[in-house]
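Here are a few exercises to work through with the model open beside you. Try each task on your own before reading its solution.

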Amino acid sequence: MRHLNTLTPKRQLGLAIALSSLLLSSPAQASPAATNASNANSSSPRVWISLGDAAYQALQKLPRLKARSETSVAALASGPAPANSSGAVLEREAALEQVHLVEVDEGGLADLSEAVHESLRRCGGYLFHASKEEGLRSLQRLSRPTPALLAASKPSYVIDQQALVTPMLSQMQASNIGQTILDLSAFTNRYYTSSSGVAASNWLKTRWSNLAAGRSDITVEQFSHPAWAQKSVIATFKGTDNASEVVVLGAHLDSIAGANTGESTRAPGADDDASGVASLTEIIRSLVASNFKPRRTLKFMAYAAEEVGLRGSQEIAKSFAAMNANVVGVIQLDMTNYKGAINDIYLFTDYTDAGQNQFLTQLIQTYLPTLKIGSDRCGYACSDHASWNAQGYATSMPFESSFAADNPYIHSANDTYANSGNQADHSLKFARMALAYAVELGADGPAVTPPADKTETFSGSLTLNQTRSFGPFKLKAGGTLKASSSGTGDIDLFVKKGAPASSSSYDCKSDGSTASESCSVNSTANTDVYVLLKGYTAGSYKLTVSYTPQ
Ligand code: BES
Ligand code: ZN
């Protein structure tokens, strides 16, 4: 059991660093502003970082940094407080914390990492800014609430895919997750600049590609980051009919062990965050095994360079926002295999979306009813969900324990599979919850299909037993689809969900002795509906298909 210092809990020291838009400032990339501001007495370039109060205090004790404070703001770390499982609104901790923008000597940053790591048992704790202007923009964003969702659509959060989800959950295996954790932690480290960090990215790309073999609608790519060698890995399931709406499931690929992690430093990162990447891997395997084809696009992301300031995910989230990508939901799995507290899954309330957190609560209650749900907060931008949150997207961060009772071995050579008990039962809960999230959100189509007045006109003669098939019409969960015909002769009408109708296979038929027939179907799940007209006498016919939402 780890030592808990109740007088100085980590959250007091939490670095309320939300997100900046930034690249690592390296000498080669230093902006003109950086050059102008360089301290004439210093051989090290001046760079800008933002950091919370505690780290700022640590920094002031470090002479090598030659810190000069630019400005500071009171940061709002979170959105509104979510309701807990019993519907009560959870108490919201004070969300305001001072964040400082500081100009420092880049050469002293390792000292700061070390000091923060020593005193806060956290790495880094500051964010780089490519220029002073970028830093100021970042602070400006911090001083007002999370931006409203820009272009992103709000999903309905309806839970209606039991027929698909339940069998998939039962075939997911903890042992598969455990094997992937072992494979990833076998790399010396997965540090963002090390050769083994690069090799781990390549290995994961191959692993995910192999899982997706034979599916032309799944692509696996690496996302290159200009400032460092390790690439993020992204697997995309292209949506069948609602592809522009995107659901992101993320974890981070990199690992770290102390401020001076280098080529040969051992940093297995089994829990932080091989456990998250391994959970995603088991979700991909299960979706493919069930031949699941989402209507929305699903993207699985293993981010590079999280441990050094959320840098990989920031570049990706910013690139999606720049394209106005319609990302309808983001979930982050960072540390899933160490059960440090009484509840099974803690939904973190800061830098996340209350509505989506409520959806996750309902998913857990529906599909994993034995699990106990808790809530907590990091108090600062502790993982990649914060990068998406900063761009205005709805995020969630389900965590392995309360913040205070997390895995004590992270960021060290001891973050091993053995120190999570040589099993992945805890991770399996997160993988199952996130699979339910992927299928339920992924299965959703456009808000209303077909349009309320969709009319299919057919003119011509249908002779005895001649048929004409229409569809598929996309019927959204809870809606009713009605097909009706009119005309001059005598036809029959057949409607079927999920497959083309025939006169012997249908969910509804209308076979009166005129051209005026009508048939309705409704569904609790999103489904395709097909309509069949079958002639009895020659005539001219009109078919109208209308849709009534729930
Ligand atoms: N997995 C951790 C975040 C974490 C640790 C959350 C413990 C909850 C409890 C993540 O990889 C990490 O270390 N994040 C950094 C911040 C980041 C901006 C460098 C941290 O927490 O210091
Ligand atoms: Zn982590």
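**Exercise 1. Find out whether Ser255 is buried or exposed, and what surrounds it.**

Start with accessibility: Ser255 has a relative accessible area of 1%, so it is buried (under 20% relative accessible area, with exposed meaning over 50% and partly exposed in between; 1.4 Å probe, protein chains only).

Before going on, some ground rules: this is a predicted model, where local features need pLDDT of at least 70 and side-chain atom pairs count only at pLDDT 80 or more, while totals for chains, interfaces and linings use all residues. Residues are numbered from 1 along each chain as its sequence is written, chains are lettered from A and ligands numbered from 1 in the order in which they are written, and side-chain values use heavy atoms, with hydrogens and water left out.

Next, place the residue: Ser255 sits in the loop between β7 and α9 (strands, E, at least two residues, and helices, H or I, at least four, are DSSP runs numbered from the N terminus).

Now look for its partners. The Ser255 side chain reaches the backbone nitrogen of Arg190 at 2.9 Å, and a polar atom of that side chain lies 2.7 Å from the backbone oxygen of Ala267. Leaving aside neighbours within four places in sequence, the residues in contact with Ser255 (heavy atoms within 4.5 Å) include Asn189, Tyr191, Asp272 and Glu307.

**Exercise 2. Work out which residues coordinate the zinc ion (ligand 2).**

First, list the donors (N, O and S atoms within 2.8 Å of the metal, or 3.2 Å for Na, K and Ca; water is not among the atoms, so sites may look incomplete). His252 gives NE2, while Asp272 and Asp334 give OD atoms, at 1.8 to 2.5 Å.

Then read their spacing along the chain: H-x19-D-x61-D. His252 belongs to strand β7 (residues 242–252) and Asp272 to helix α9 (residues 270–289), so this pair ties together parts that are 20 residues apart in sequence. His252 and Asp272 are both buried.

Finally, check the peptide bond after Asp272: a cis bond joins it to Asp273, with omega about 5°. Asp273 is in helix α9 too.

**Exercise 3. Where is Tyr157 placed, and what is its phi?**

Begin with the location: Tyr157 is in the loop between α5 (132–142) and α6 (162–170). Its phi is near 60°, a positive value in a residue other than glycine. To finish, consider accessibility: at 14%, Tyr157 counts as buried.

Conventions: Polar contact = N/O pair within 3.5 Å; in protein donor to acceptor, adjacent residues only side chain to side chain.
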